[in-house]
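Here are some exercises to work through with the model open beside you. Try each one before reading its solution.

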Amino acid sequence: EKGGSSFNTRPNSFSFSAVINGYVKRGQPEKAHEILLKMDDMHERGLVDPGVRPNTIIYTSIIDGYAKVGDSNGLKKAMDLLDLMENRYEQNSACACPTVNTYTCLINGWAKSRQFGKAQSAQQVLHRMISKYEAGNKYARPTVFSYAAVMNAAAYSDFGDMFEKQQSLEIAIQAYKELKVASRHAKYGADCVANNVIYGTFLRACGRLIPAGKARESSVETVFRKCCNDGQVDDMVLRQLRNAATDEQFQRLVGEEASKVKGTKKVSTKKHNNYQPYISALDVPHDWTKNVVANSAKVTQR
């Protein structure tokens, strides 16, 4: 009490969250983790109001911070935090409920890392999420971007040996097949279906993991034609097709149809720069692009 007024100097949820988010944004998840532990300790000792305790948003923020660092130590700490969240949620602590964002942040962390076996680790997190969803955590329902993140982890495992690449390719294929089965039965909602992000990421995996030759050409053509049939071709898909296909194959699959759309004898299929082909989604038949949702491809860009 001071000057006849009462001052409450105990920290509240807002002050803890502000400090934690500040450390995460500065790329210091370890510091954020220390504040979380202090918050937890003060809650257990009754030094803060009962509602002041680590929650889903705080846990997920720190997990995302560790995931963005991407080293083995950070990913281990992120996995440990996920363990803690799951245990507390199973002990009826609703405030520590892991959500689809929690799991997908961790999958993206594995995708961006340079760890051997990262595709397998990403797949394990996806399957863990699915298991928790099926066990009753309705907030852990996977989305199409959860599957795309696993496929992205596989695609960027091309720094390993041939065994690593083959295993990563198999994981990308399995993720695609699991998504197709789930979508067929609307298992995770009507929007969890193969879209432009899935097809673009799958083409990326083909281009990075399958050696140049007939096997790659066959896989690329199968994936792209399915994408066309589903009306999910966008600039990202065309960019990944351009990287995975030979010049002749790209001309056959896209250039000839683009020529018909533009009304010219032949459209150039040479690379305009490292990121875009001359042909864009505006140049291909409307049926190929009719089901694309705007801006959805931003999720898996690196």
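**Exercise 1: Aromatic rings**

Searching the whole structure, which is a predicted model, turns up five aromatic pairs. Take the pair of tyrosine 176 and phenylalanine 202 and work out whether it is stacked, edge-to-face or tilted.

*Solution.*
- Start with how such a pair is described: you need the distance of the ring centres and the angle of the planes.
- For tyrosine 176 and phenylalanine 202, the centres are 5.1 Å apart and the planes meet at 45°.
- Stacked needs under 30 degrees and edge-to-face needs over 60, so with planes at 45° this pair is tilted.
- Next, place the two rings on the chain. Tyrosine 176 sits in helix H8 (residues 162-184) and phenylalanine 202 in helix H9 (residues 196-209), so the pair links distant parts of the chain, 26 residues apart.
- Now check burial, where the limit is under 20% relative accessible area. Tyrosine 176 comes in at 15%, so it is buried, and phenylalanine 202 is buried too, at 7%.
- Finally, look for a further ring: Tyr176, Tyr199 and Phe202 form one aromatic cluster.

**Exercise 2: Cysteines**

How many disulfides does the model have? Use cysteine 95 to show the reasoning.

*Solution.*
- The cut-off is a pair of cysteine sulfur atoms within 2.5 Å.
- From the sulfur of cysteine 95, the closest cysteine sulfur belongs to cysteine 97 and is 9.8 Å away, so the two are too far apart for a bond.
- Over the model, the count by this rule is zero disulfides.
- While you're there, compare surroundings: cysteine 95 is partly exposed at 25% relative accessible area, whereas cysteine 105, at 18%, counts as buried.

**Exercise 3: Two helices**

Look at helix H10 (residues 214-229). Does its length fit or miss the expected value, and on which side do its buried residues lie?

*Solution.*
- H10 has 16 residues, and its first and last C-alpha atoms are 22 Å apart, close to the 22 Å expected at 1.5 Å a residue.
- Its buried residues are Arg216, Val220, Val223, Phe224, Cys227 and Cys228. They span an arc of only 140° around the axis, so they lie on the same side of H10.
- On the other side of H10 you'll find Lys214, Ala215, Thr222 and Asn229 exposed.
- Just past the end of H10, glycine 231 has a positive phi of about 65°.

Now repeat the check on helix H2 (residues 29-44).

*Solution.*
- At 1.5 Å a residue, its 16 residues should span 22 Å, and the end C-alpha atoms are 22 Å apart, which agrees.
- The buried set in H2 is Pro29, Ala32, His33, Leu36, Met39, Asp40, Met42 and His43.
- These buried residues pack against helix H1 (13-25), helix H3 (56-69) and helix H4 (72-90).
- After H2 comes glycine 46, with a positive phi near 70°.

**Exercise 4: The core**

Which residues touch the most other members of the largest nonpolar core, and which helix gives the most to this core?

*Solution.*
- As background, nonpolar side chains in soluble globular proteins tend to be buried together.
- The largest nonpolar core here has 80 residues, and those touching the most other members are Ile62, Tyr147, Ile198, Phe224, Val233, Leu241 and Val254.
- Helix H7 (residues 144-155) gives the most to this core, with nine residues.
- Zoom in on valine 254. Leaving aside neighbours within four places in sequence, its contacts are Phe224, Leu238, Leu241, Ile279, Val284 and Trp288.
- Then go to valine 144, which is in helix H7 and counts as buried at 5% relative accessibility.
- With the same neighbours left out, valine 144 is in contact with Leu179, Asp191, Cys192, Val193, Asn195 and Ile198.
- The C-alpha atoms of valine 144 and valine 197 are 8.4 Å apart, although 53 residues separate the two in sequence.

**Exercise 5: The whole chain**

How many helices and strands does the protein chain have?

*Solution.*
- The chain has 13 helices and zero strands.
- Of its 302 residues, 49% are buried.
- Among contacts with a separation of 6 or more, 69% join residues 24 or more positions apart.

Definitions and conventions:
Residues numbered from 1 in each chain as written. Heavy atoms only, no water. Buried < 20%, exposed > 50% of the residue type's maximum accessible area, 1.4 Å probe, protein only. Core = buried A, V, L, I, M, F, W, Y, C linked by side-chain atoms within 4.5 Å. Helix = DSSP H or I, 4+ residues; strand = E, 2+ residues; numbered from the N terminus. Contact = heavy atoms within 4.5 Å. Expected span 1.5 Å × (residues − 1). Arc of directions from axis to C-beta. Phe/Tyr/Trp six-rings, centres within 6.5 Å; stacked < 30°, edge-to-face > 60°.
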